[in-house]
Amino acid sequence: MMSDVWTIRRILTWTTGHFEKRGVDAPRLTTEILLAHVLKTGRVRLYVDLDRPLSKDELAAFKALIERRMAGEPTNYLTGTKEFYNRPFKVDARVLIPRPETELLVEAVLHSVPKDGPSRVLDVCTGSGCIAISIAAERPQATVLATDLSKDACALARENAQALGVAERVSVLEGDLFAPLPPGETFRVVVSNPPYIDSGDIAGLSPEVRREPRLALDGGPDGLAALRRVIQGARRVLEPGGLLALEMGETQGSAVLELLRAAGYADARVEKDLERRERMAFGTQPAA
């Protein structure tokens with residue numbers, strides 16, 4: 001690969017084919033993302049400059065990324081960023097990579113957070129902070145508290161809040177679910193994307209997903225361990241009429257709905273993502 005002149009056109013073609021043969025997801029897109037990262041440009045610009053040759057240093061850097069991707073490192077860990085709700089979030093091996101379906105959870109929460117008045121939101125299991133920060137950025141009068149058991153995840157969430165200009169309204173606390181909250185705190189919305197994969201299923205996940213923190217994936221023997229605790233704990237901190245919004249696995253809808261109803265939530269329901277999979281669940285704190 002390094003023996004003669006490599007233009008952008010040629011390297012796009014070769015690497016896409018290489019990724020296809022090795023079963024890498026979205027081989028063309030992955031190639032474009034990694035090459036644009038090395039060249040410090042946008043993907044569209046690659047096609048404007050198709051005949052531009054790569055320097056020796058650029059080729060070496062790109063080759064190193066190819067090797068790491070082939071070894072199972074997720075693309076977003078290689079680039080260090082992930083776009084979420086139209087904002088660039090820093091991501092690395094400390095946190096779960098934000099998924100597009102989680103943007104739908106943010107969208108649902110925003111309907112319950114006023115645009116023109118103050119409100120308090122709690123994000124449990126915040127990870128990169130993508131949910132908490134997106135809500136704060138979209139609702140300038142909202143105050144968001146975020147918690148995570150991982151010290152490393154909390155540090156990265158704080159970095160993202162600072163970089164995206166909402167650090168004054170997003171507080172990140174380290175601890176188990178609701179444990180870090182000051183006594184007496186209540187919230188208009190509690191939102192959570194907790195770990196919800198069955199422990200026994202993790203070994204069968206793709207190599208890329210297995211590179212993500214197990215703490216953010218493992219939902220216990222039935223995948224519902226964290227969901228149960230969030231559902232129970234949110235009842236103690238939600239305002240009357242407040243919303244609990246959850247992400248869950250696509251086969252967990254009936255079980256989570258039963259948990260919400262058993263915990264006493266009103267208007268318990270599940271909703272589907274854009275691929276018609278049940279991925280979100282909601283419940284309302286009954287009026288006092």
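**Exercise 1. Determine which residues Val191 touches, and whether Val191 is buried or exposed.**

Step 1. Leaving aside residues up to four places away in sequence, Val191 touches Leu105, Val109, Val121, Leu122, Asp123, Val124, Ile131, Ile135 and Ala245; contact means heavy atoms within 4.5 Å. The model is a predicted one, in which local features need pLDDT of at least 70, side-chain atom pairs count only at pLDDT 80 or more, and totals for chains, interfaces and linings use all residues. Residues are numbered from 1 along each chain as its sequence is written, and side-chain values use heavy atoms, with hydrogens and water left out.

Step 2. Val191 belongs to strand E6 (residues 187-192). Helices (H or I, at least four residues) and strands (E, at least two) are DSSP runs, numbered from the N terminus.

Step 3. Between Val191 and Asp123 lie 4.9 Å in space, C-alpha to C-alpha, although the two are 68 residues apart in sequence.

Step 4. The relative accessibility of Val191 is 0%, so Val191 counts as buried (buried means under 20% relative accessible area, exposed over 50%, partly exposed in between, with a 1.4 Å probe and protein chains only).

**Exercise 2. State which residues of helix H6 (residues 100-110) are buried, and what covers them.**

Step 1. The buried residues in H6 are Glu101, Thr102, Leu105, Val106, Ala108, Val109 and Leu110.

Step 2. Their cover includes strand E1 (81-84), helix H7 (130-138), E6, E7 and E9.

**Exercise 3. Describe the two sides of helix H11 (residues 253-262).**

Step 1. Gly253, Val256, Leu257 and Leu260 are buried in H11. Viewed down the axis of H11, these residues fall within an arc of 105°, so they line one face of the helix; the arc is that of the directions from the helix axis to the C-beta atoms.

Step 2. An α-helix has 3.6 residues a turn, so residues three or four places apart point the same way.

Step 3. Exposed residues Ser254, Glu258 and Ala262 sit on the face of H11 turned away from its buried side.

Step 4. Among the elements covering the buried residues of H11 are helix H10 (225-234) and strands E7 (238-247), E8 (266-272) and E9 (278-284).

Step 5. Gly264, just after H11, takes a positive phi of about 95°.

**Exercise 4. Identify the residues through which helices H1 and H4 meet.**

Step 1. From H1 come Ile11, Trp14, Thr15, His18 and Phe19; from H4 come Leu59, Phe62, Ile66, Arg69 and Met70.
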